[in-house]
Amino acid sequence: MNSDKPDDPRIDQANADAYWRANLKLVGVLLSIWFVVSFGFGILLVDVLNSISIGGVKLGFFFAQQGAIYVFVALIFVYMHQMNKLDRKFNVHED
Amino acid sequence: MDVQTWIYLAVGGTFALYIGIAIWARAGSTSDFYVAGGGVNPIANGMATAADWMSAASFISMAGLIAFLGYQASPYLMGWTGGYVLLALLLAPYLRKFGKFTVPEFIGDRFYSRTARLVAVLCLVVASVTYVIGQMKGVGVAFGRFLEVEFETGVMIGMGIVFFYAVLGGMKGITYTQIAQYCVLIFAYTVPAIFISIQLTGVPLPQLGLGASMADGSGLALLDKLDQTVTELGFAKYTEPNGSTLNTFMLTLSLMIGTAGLPHVIIRFFTVPKVSDARKSAGYALVFIAILYTTAPAVGAMARMNLMDTIQTGPVGEATANLEYEKRPDWFRNWEATGLLRFEDKNSDGRIQYYNDQNPEFTALAERFGWQGNEMVEIDRDIMVLANPEIADLPAWVIGLVAAGGLAAALSTAAGLLLAISSAISHDLLKRTFTPNISEKQELRAGRVAMAGAVIVAGYLGMNPPGFAAQVVALAFGLAASSIFPALMLGIFSKRVNDKGAIAGMLAGLLSTLFYIFVFKGWLFIPGTNWLPNTAEHWLLGIQPESFGAIGALINFTVAIVVSRMSAEPPAEIQRLVESIRVPRGVGAATS
């Protein structure tokens, strides 16, 4: 592991900027999924999806009352996992 | 043992537990008092956050709302969980890295402005006080119902308990009692749900029971049967939308943004040791919340099914297919005694007709049956969860458990809100604004006094609720969404937004949202002072006042960015501060 203060501050800055861009990209992807499962499947497309039934539940209704919540949980854990990886890749992790 | 003994046992036992925890977890420093010393395990904090977040409304009211609104209740389910995604991805890790005690502190420091800090304190106090009154009222109602004491006595007992552990332990005492309260409330919520799911569908897991077939031999899926039953009586289809899509969309978005901006939830993430812990903690918080939130739709649908089946015992229109009033079950009689369930024999046939008499098509048909209006003139939605164990004929100890669970939900949320209020007063107003020279000991004492004052004010307002007490969703979520969330997000994601932009944005978001709410609900919620009737045809584009928070947030974002562009950029040290909160390394324990 490198020391906390590299010799050249410009490299440090470039690294921090690259880390931030990678972070924004990840957040963008995850929030798109967040939007699609709740506002998309649960609200805007609910009538279309309600024409499909899986195991006794209409799909649109399922996303609005159950499915979106399961995806939300998964999104936060994916975020946590990916960010921990990014932290190490860009050498900005704690400890 | 009878029901009353079980209730005393469950409530008394859990209260003794909370007091024991309070004595063990006393606060010795301001860090203990504000952020529980900053060393809370992220999974434990997730559990405490879940109890902090899930209030009397989540525990008691939500399933009832779902039972009667069906699909239309979905914004509450998605909104109150989806907000955690925003919190986890956009706020919690950065605010943890910033490493201070309160939410207004971040806004004040990042926007290098005392005015910004004070605006944030004002929003926090109004949102939290509104919220806490509802909890105190919930405590009073639960005590009144279950322990058969006066409403005021109930509020007093609740205040006494919260006073004890919140004043003594601050965030530290609150955190550990919240963990215990989560265990009590989740157990109390899921046990009856499992029993009812088995009775109706044979599937023990309520989440799966919701999609299963009825165990009555009809072979119909529960939700299909429910759709059929309710439409046969003129009600809207349970699983399909029947309102404005735009309003549903905006309500969901407002609740999400509001959830992410509520200070009493945000400060919970200041208690974990590291930035990566804040991320993890948000994930676990949502897991613990989701256990209740994915059970609630099953509880709602099954409670509605049981209610309909109890009253309409055979084919609609057959004279003998409606329940005879004299043969009504015991739970029906019990709840009638409270006035929350009321029957009126409009056609004097001694039988109960429960149908939608607002539906002209069905009313015409009903007249041919000799029905003269819906005879269930009052069904309070809140009784669904509380009456569930009785409707399903569950053992007496389950009823005792539900009483303890409802109280745990209300008390844990009240304590979290009271801490947010008292830390804003003792830390943001006293230490950081008006009396910066006080010692840590003096500040800790000030924190305890502020907490004691907040408990007393909350208790008083719980007993004498002002007009705005019932407007928790509109006011608290509206303020959090339109003022606090955008300021926090811009403070992290933009280096360019400056003091003037942030203040102008917060005020624009706050005032536009308040204006929209007051136009329909009365100025300061005084009845009769509203400019327009609070009905769909008068709402702007069909958007109800509760859904306006997202638009207020949009106004805030726009104003803040435009005003910042037109004025000087923030000083270099502030830009460095923003850069430093964007990387996890170098985190310290939260300090003043």
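How many residues of chain A are in contact with residues of chain B, and how many of chain B with chain A? In this predicted model, the count is 38 residues on the chain A side and 45 on the chain B side. On chain A, the elements that give two or more residues to that side are α1 (9-44), β2 (57-58) and α3. The largest share comes from α3(A), with 16 residues. As for chemistry, the side of chain A that touches chain B divides into 25 nonpolar, nine polar and four charged residues.

Let's stay with α3(A) for a moment, since its geometry deserves a look. The helix runs over residues 59-89 of chain A, 31 residues in total. A straight helix at 1.5 Å a residue would reach 45 Å, yet the end C-alpha atoms of α3(A) are only 39 Å apart. Look along the helix and you'll find a bend of about 50 degrees at A:Q66. Then, just after α3(A), A:N91 takes a positive phi of about 55 degrees.

Now over to chain B. Its secondary structure comes to 22 helices and two strands. Taken along the principal axes, the C-alpha atoms of chain B fill a box of roughly 80 × 55 × 45 Å. What about its radius of gyration? A compact globule of 592 residues would have one near 25 Å, and chain B has 25 Å, so the two agree. Burial is the next thing to check: 59% of the 592 residues in chain B are buried. The contacts reach far along the sequence, too. Take those in chain B between residues at least 6 apart in sequence, and 81% of them join residues at least 24 apart.

For a local view of chain B, zoom in on α16(B), residues 383-391. Why can this helix be called largely enclosed by the rest of the structure? Because nine of its nine residues are buried, where buried means that 20 or more other C-beta atoms lie within 10 Å of a residue's own. The buried set of α16(B) includes B:I383, B:V385 and B:L386, and also B:N388 and B:E390. And what do the buried residues of α16(B) pack against? Their partners in chain B are the helices α4 (56-69), α8 (151-201), α13 (275-311), α14 (330-338) and α17 (396-434), plus the strand β1 (341-343). Just after α16(B), B:D393 takes a positive phi of about 60 degrees.

How values were computed:
Residues numbered from 1 in each chain as written. Chains lettered and ligands numbered in written order. Predicted model: local features only at pLDDT ≥ 70, side-chain atom pairs only at ≥ 80, totals over all residues. Helix = DSSP H or I, 4+ residues; strand = E, 2+ residues; numbered from the N terminus. Expected span 1.5 Å × (residues − 1). Bend = angle between axes of the 7 residues up to and from the residue. Contact = placed C-beta atoms within 7 Å. Nonpolar A, V, L, I, M, F, W, Y, C, P; charged D, E, K, R; others polar. Rg over C-alpha atoms; globule rule 2.2 N^0.38 Å. Buried ≥ 20, exposed ≤ 12 C-beta atoms within 10 Å, placed from the backbone.
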